[in-house]
Amino acid sequence: MEAFIVSMIVAATPLLLAATGELVAERSGVLNLGVEGMMLLGAVAAFAVTLSTGSSALGFVAGAGAGVGAAALFALVALGFTANQAATGLALAIFGTGVSGLIGQSYVGNAIDPLAPVLAAGKLPDNPALRVILGQDAMVYFALLLAFGVWFYLSRTRSGLKLRAIGDDAVSAHAVGLKVLGSRTAAVLFGGACAGLAGAYLSLVYTPLWGENMTAGRGWIALALVVFAGWGPVRVIFGAYLFAAASLSQFYGGVLGLSIPSQFLAMTPYLATILALVVISAAGARRNAPAMLGLPFRPDR
Amino acid sequence: MEIEKPHSAVSISYSLSPQERPASRFETFQIPPAFHAISARYAPTPIRPSRLLASLTGVGRFRPADSRRTTSIRPRPPRPPVRQAPPVMTSGPMPVVTAIPLAAAVSTPSVAVKADLQSGVSLSEPVSMKPDLPSVAKTPPPENTASAPLLSVRGVSKSFGPVRAVDAVSLDLRSGEKHALLGENGAGKSTLVKMIYGVLQPDSGTISLDGRALRIDSPSMARRQGIGMVFQHFSTFEALSVAENLAVVLPDRSLRDIRRDVKRIGGEYGLGIEPDRRLVDLSAGERQRVEIIRCLLQNPRLLIMDEPTSVLTPQEAEALFVVLNRLAGEGCAILYISHRLEDVRALCTSATVMRRGKVVATCDPREQTAASLAKMMIGSTVEHPRKQAAYIGKPLLEVSDLSVPSTNGMALDGITFAARKGEILGIAGVAGEGQSELFAALSGERILRRNDTIRVDGRAVGKFDSTRRRRAGMAFAPERRIGHSAIGDMRLSENFRLTHNATGIGRNGAQQIREDFDVRAEGRDPFASALSGGNLQKFVIGREIMRDPAVLIVEQPTWGVDAGAAATIHEALMALSAKGAAIVVISQDLDEIFAICDRVAVLHRGRLSEPQVTGTVTAEALGLLMGGVEPTALAEAI
C-alpha cells in the first residue's frame, strides 16, 4: 500500500505541474495544445544538462527554460500573428516530439542519479503515513505549493482577477485598458515553464533515463485534467492524484489479483480522460471555463 | 450651400452633402461670453459618488451637500493654476488664452474653490482676484476666452483599411460643458471617442487636455487623466462578480472595500445590485448601472457616455440627467453620444453632428427641434412613422397563465395576454423584469410544460421547440444581435438560412433583404460582424418578415440603432401588421411603443399588467407601472 501511494505521488507530480501551467494559460483565454511537445523538450533539455553537469537543479532550470522557449514560439505565432491556437498548439506538440527525439538520440541508454528525497531515509520517522508525507523529493512539494499559489493568485490577487477578466472577455478587457496580449503572453510562458518542469521531472526523477516520446501522452492527460478540474487549481491537485492512481492500476492490477488484460489496464488513464471529458461536457460544468478560450484577439477595433 | 441661423446664440453651419465641404476645414464652435456668465454661476458643489448614485436610482433621496464636506471631494493633486496657451493652434478661430481658465479653478476645488468660498469671492470673477497672475493676463482677454477647453481635438483622422472612419474632426470641450455627439450608426462617433479614451490611436491630428497635446495610448492612461467612459457595448466581464468588475479598473481599492461600498449604496439608495452576483445573471440595464458606478467611482473630469439611456425608463433617464447635470455643475465635462434627439435637447448645451466620419454641423441643441437635428444627422428629414388605424381581428397569439420558475433570473408569474390579427402589442418594462425569460418562453428556447399555454391561431405550441414554432407560423427577433439573432462569423447568406431552414431552404433572400431594407455594408456577401448595429438589425428584422409570419415576437427592435434605421424598422413592422400579422414588441423604449403599438402592457417582476390602448394611456402612467405601482393604486391616483 505504501509503495502504491509513493508511486502515485511520483506519477501525479508531472501531471500536476503541467496541468497547473496549462490552467493559467487557459484562464487567460489561450488554449495551448502543445503541452506534450513542451514537456518532451523540457525532459530532454533537463536530462542533457544533468548528465553533463551532474546537477539536478540545473537540469530543472534547463527544463523550465526549454519549456519557456517552446511556449515563446507558440506565443509568437498564436498571439503575435493571431494564428489559430488549436492548430498552432498541435504543431508545437508534433514539433516538440520530433526535436526532442533528434536532440535526445545520443542520450539514449545513459542513466543519471534520480533526485534525492528532501529528508534522507535514516531521518524519517517510523510512522508509515509520516514516512510517505515527508519522504518525497523537493519537486513533489513544489508542485503542490505551485498549485495552491496559482489558486491564491487567481482568486485573491488583483493581477489574477485581471487575468480572469482577459480570459472572459478580451474585447472588454482591452476597452477598459488591460494589457491583453502582454498578460496572455506571460500566462503562456508560465504554462511553458511548468510543462518544461513536468518533463524534467519525468526524465530526472520518474524514470531517470531519456527515451524517445517518454511522456507517453501525459501532456494530453494534463490538458484533459484542466477541463476535468473545471479550471480550478485545487481541483487540479485531486484530479492529478486520481489520474495517477488510474495510470498505476496497470502495474498493481496483477498484484490485486484482477484478471484483466494488461493492455486494457494500460489504457485506463486515457479511458478515464475521455470519460472525464464526456461527463464534464454533459454536465455542463463549464462554470469557470474562460469564455474566450481559444479565440484569437486582435487589439485593433 | 451654407445655412446661417442668425437667431441662435451659437452659429450653426452645415452643408447638406459632405462633398461640398473641404476636408481640411475645421469647424469649431465657440461659446459666447453670455454662456460663461451662466455656467460660472454654477459654482462647483461638492458631491460624493454615492450621492450621484442615489439619483441614478431615481429614488430621490438626495440630501443637500452639507457645508462640512467642502474641503476635498476629488482627491486629485492640485494642478498649477496657470495654463500655457495650447501649443497646437493649427487653424481655426481659436484665440490665444491669456486668462486663467475656469477649468483650472473648477477642476482643483480642493484649493481654488475652498479659497474662494472662504473669501466670499464669486467664482464668476476669479481672474481678477488671483494674486499670482502672470503679467500677460492683465491685458484684457479676448471676449470668449473665459474658459480654455479642457479637451481639444484637432484634425483627428482614423482609417480602417480603405474606410476613413473619422476624417479630420475637431471639437472642443470645456469644463462643465454638456456636449452632445450626434450622428447615425457608422458616422464615426464611437471611433472618435475611443481615440479620446485611448482605446484607439489616431492616424493624424492631436488630442490635448488642458492645452497640452497628449498621446493617450491606453484607457488606463485616459483614466489617470480623469477621463471616464460608459460604453454602449458594455465592457463588463460576464464571469466575474459585480465587485470584481469594479475592481478590475480600480487598482487602489481592495475588493472588500468595493464590495462593502456596493452593498452600502445598494441598501442606502435601493440601487439593488448584489456585489457578488455574476454579471452573466444581470440584465442589460443592471449591467449599465455597473458601468456607471464603475465610472463614477473614479472621479472623472471628462465623462463620455455612449448611448446611456437606451435601456433606461423615462424616470431612470431623468435621474441620470440629474446626475449628469450635477457632475457638469461640479466642473466635469460630459461628452454625450446618443441617437435620442429628445435626450440631447433636454440635457446638452452644445452639440457636434457627424456624418460619414466628418463634422457636418455644430449647434446648440436646445435651439433646435428634434427634426432639425435629425436632418443634420442623416442629411434628409426623417419620416416619423405614424400608427395607421389597422383592422384588428381574431387573436393569433394566445398566452394563458404562463409561469416559468426562475433560473438565474426573473420568474414569470401567470402571464396571460392575446395578440390579435393586425395588432402590434407592446410589452414595456425596465430591464431585468422578465423580458428575456418571456422572450425565451415565447420563442421556444424555453420549452413549456403544458402545450396549451401558448396557442398560435388556435394551435397549441407550448411544448414545441423554436423550429416547430416557426413552422407553426411564428418568427422571432431577439434583443442581442450578434450571438443570438445572427452569428458574427457567418456571412449574411448563411445567417439568412439560420431561420429560414425551418420552413424549407428556398431561394437565398439575403440580397433581397439588403435591397428592400437598405442594409448598407461593404462587399457582396459580408460577415454579419462587419455590419453596423443598425444595418444588422434591419437585416434581422427583414429576414424574419420575409418569412411572412402570422406571429412575430421582437425584443428591443431599435436598441442602439440610429434614427434612419429605426424608422425603416418601424415602418416594416407596421406594414407587416397591416398585412394581418400579430406582432409582440418587447421594448424598454416608451417612445417606440407609443409610436407603433396599438396596445401596451407592462412587465414588472415577472407579471404582466392588463394591456391598454396606447391612445388612452400616458407615458407617466406606464412609467409608474414600470416602477411597480399597482394598477389599482394607479387608478385611484388618476
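**Helix crossings and a chain contact**

Modeller: Happy to walk you through this predicted model. In chain B, the axes of helix α18 (residues 533-546) and helix α19 (residues 563-578) come within 9 Å and cross at roughly 10°.

Biologist: Why are α18(B) and α19(B) called roughly parallel to each other?

Modeller: Their axes cross at roughly 10°. Angles under 35 degrees count as roughly parallel, and therefore α18(B) and α19(B) get that label.

Biologist: Which residues of α18(B) and α19(B) meet?

Modeller: From α18(B) come B:Gly534, B:Asn535, B:Gln537, B:Lys538, B:Ile541, B:Gly542 and B:Ile545, and they meet B:Ala565, B:Thr568, B:Ile569, B:Ala572 and B:Leu576 of α19(B). By class, this contact has six nonpolar, five polar and one charged.

Biologist: Over in chain A, what makes α1(A) and α10(A) oblique to each other?

Modeller: The axes of α1 (residues 2-27) and α10 (residues 218-228) of chain A come within 8 Å and cross at roughly 55°. Roughly parallel needs an angle under 35 degrees, and roughly perpendicular needs 65 to 115. The value for α1(A) and α10(A) fits neither range, nor over 145, so the pair is oblique. The crossing is right-handed. Among the residues making the contact are A:Leu15 and A:Leu23 of α1(A), and A:Ile221 and A:Leu225 of α10(A). The contact divides into 10 nonpolar, one polar and three charged residues.

Biologist: How many residues of chain A and chain B are in contact?

Modeller: 13 residues of chain A are in contact with 18 residues of chain B. On the chain A side, α7(A) gives the most, with six residues. That side has five nonpolar, two polar and six charged residues.

Notes: Residues are numbered from 1 along each chain as its sequence is written. Chains are lettered from A and ligands numbered from 1 in the order in which they are written. This is a predicted model: local features need pLDDT of at least 70, side-chain atom pairs count only at pLDDT 80 or more; totals for chains, interfaces and linings use all residues. Two residues are in contact if their C-beta atoms, placed from the backbone, lie within 7 Å. Helices (H or I, at least four residues) and strands (E, at least two) are DSSP runs, numbered from the N terminus. Ala, Val, Leu, Ile, Met, Phe, Trp, Tyr, Cys and Pro count as nonpolar, Asp, Glu, Lys and Arg as charged, and the others, Gly among them, as polar. Axes are lines fitted to C-alpha atoms, for helices over the stretch in contact, and angles run from 0 to 180 degrees between N-to-C directions. A crossing is left-handed if the near helix is turned anticlockwise from the far one by less than a right angle, and right-handed if clockwise.
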